[in-house]
Each structure stands twice: as C-alpha cells, then as structure tokens.
Amino acid sequence: MLLLKLLQSIIGTLNSEGTPRQIAAGFALGAALGLTPLVNAHNLVVFALACLLNVSFGAFLVGWTVFVPAGFALDPIFHAVGLALLQAPGLTGLWTALANTPGVPLTNFNNSVVLGSFVGWLVLWLPIYVVSRVLVVKYRVHVFERLKKTRIFQAVAASKLYSYYRMLFVG
C-alpha cells in the first residue's frame, strides 16, 4: 500500500504544473531529510526552506521518502566522514566555537553520523538536482507525451473522476 502511495505521489508530481526546476529542487531538498538523521535543527531549516521557497512540495516529500533507505545504507560512510572531520586537528577551533555558540548544539554536528550525512548531502545536492531535472524533462518529453496518446489515458482523462482528481490533488 505504501509503495502504491509513493508511486501515485511520483506520478502526480511529475504530471503537475511545476517546472522541472521546481520539482528537481524539491526532490534535492527532500534528500536532506532522507539522508540525515531526522531530529536535528538543520532539518527544521530544510523543511522551512521547502515550505517557503518556490519548490515542489510533492517532490520534496518524494525525495525524503526515496532517500531514507539510502541514508541508512550510507550511515557507515557518513560516520567515517563525520569522524574524520570531527577529529581533524585543523578544525578543533571551529568545533569548539560552534559548540559554544547558542543554538548551534541543536544541530548535533558533534555526532559523526549527523555531520557526515549533512556534508554528504551538501556534496550530493547539486548532482541530485541536475539528474532529477534531466529525468523530469525526459519523462515529460518522451514518456508523458506517449501516454497522452493512448486510448486508456484519453478515456481516463475524459472521465469526471479524473477531473475531480485534478481539482483535488493536482491543483
């Protein structure tokens, strides 16, 4: 059932009125919540950005859902990266200053997995954005145009049920 909902959300997002840039930016922002441990202050900032910026919120939720398993799978790598950063002699002053700055400890950047996953997301943000933007454009040009020509799609699109679906869920 959850997989069906995810598929429905992906299709709804891909066929929405959003531009490929908005969808890709939402997806890449959602990757932050999927890759990093959830209960941290930086994720509140990412969620606020997804709400405030002109990005696809549906793609944000899909990105979050898609990247949760990847986040768990990459935790050993994130731990190694975070540990290396936390133990780097040249960064000791930075970590001390950040630990003494009000509010910053809420980010939990003193945790190796949190720091490593956040840095990993920062490194992966642009590639995730570019790849997802290209895939959205290719989907809309090639796949969606073919689907629109099928009899099944035309029958569904002509039905009142589809009109209600577009009114309620697509906007």
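**The nonpolar core and the packing of helices H2 and H3**

In this predicted model, the largest nonpolar core comprises 30 residues, of which Phe27, Leu29, Val46, Phe60, Phe67, Trp121 and Ile128 touch the most other members. At least two residues of this core are supplied by each of H2, H3, helix H4 (57-73) and helix H7 (112-149). The greatest contribution comes from H2, which gives 10 residues to the core.

Phe27, one of the residues that touch the most other core members, was examined for its contacts beyond the immediate sequence. When neighbours within four places in sequence are set aside, Phe27 is in contact with Ala59, Phe60, Val62, Gly63, Val66, Phe67, Ile128 and Ser132. Among these partners, Phe60, Phe67 and Ile128 are also listed with Phe27 among the core residues that touch the most other members.

The core is set within a protein that contains 9 helices and 0 strands. Read along the sequence, the pattern is accordingly α-α-α-α-α-α-α-α-α. Of the 171 residues in the protein, 31% are buried. Among contacts between residues at least 6 apart in sequence, 77% join residues at least 24 apart.

The packing of two helices was considered next. Two packed helices are described by the angle between their axes and the distance between the axes. For helix H2 (residues 20-35) and helix H3 (residues 41-52), the angle is about 155° and the axes lie 10 Å apart. Because angles over 145 degrees count as roughly antiparallel, H2 is described as roughly antiparallel to H3. The crossing in which H2 passes H3 is left-handed. On the side of H2, the contact is made by Leu29, Ala32 and Leu33, while H3 takes part through Asn43, Val46, Phe47, Leu49 and Ala50. By class, the residues of this contact comprise 7 nonpolar, 1 polar and no charged. Leu29 and Val46 take part in this contact, and both also appear among the core residues that touch the most other members.

Asn43, a residue of helix H3, was then examined individually. The relative accessible area of Asn43 is 4%, and the residue is therefore classed as buried, the limit for this class being under 20%. With neighbours within four places in sequence left aside, Asn43 is in contact with Ala32, Leu33, Thr36, Pro37 and Leu38. Two of these partners, Ala32 and Leu33, belong to the H2 side of the contact between the helices. Leu33 and Asn43 are separated by 10 residues in sequence, and the distance between their C-alpha atoms is 6.2 Å.

Methods: Residues numbered from 1 in each chain as written. Predicted model: local features only at pLDDT ≥ 70, side-chain atom pairs only at ≥ 80, totals over all residues. Heavy atoms only, no water. Axes fitted to C-alpha atoms, helices over the stretch in contact; angles between N-to-C directions. Helix = DSSP H or I, 4+ residues; strand = E, 2+ residues; numbered from the N terminus. Parallel < 35°, antiparallel > 145°, perpendicular 65-115°, else oblique. Left-handed = near helix turned anticlockwise from the far one by under 90°. Contact = heavy atoms within 4.5 Å. Nonpolar A, V, L, I, M, F, W, Y, C, P; charged D, E, K, R; others polar. Core = buried A, V, L, I, M, F, W, Y, C linked by side-chain atoms within 4.5 Å. Buried < 20%, exposed > 50% of the residue type's maximum accessible area, 1.4 Å probe, protein only.
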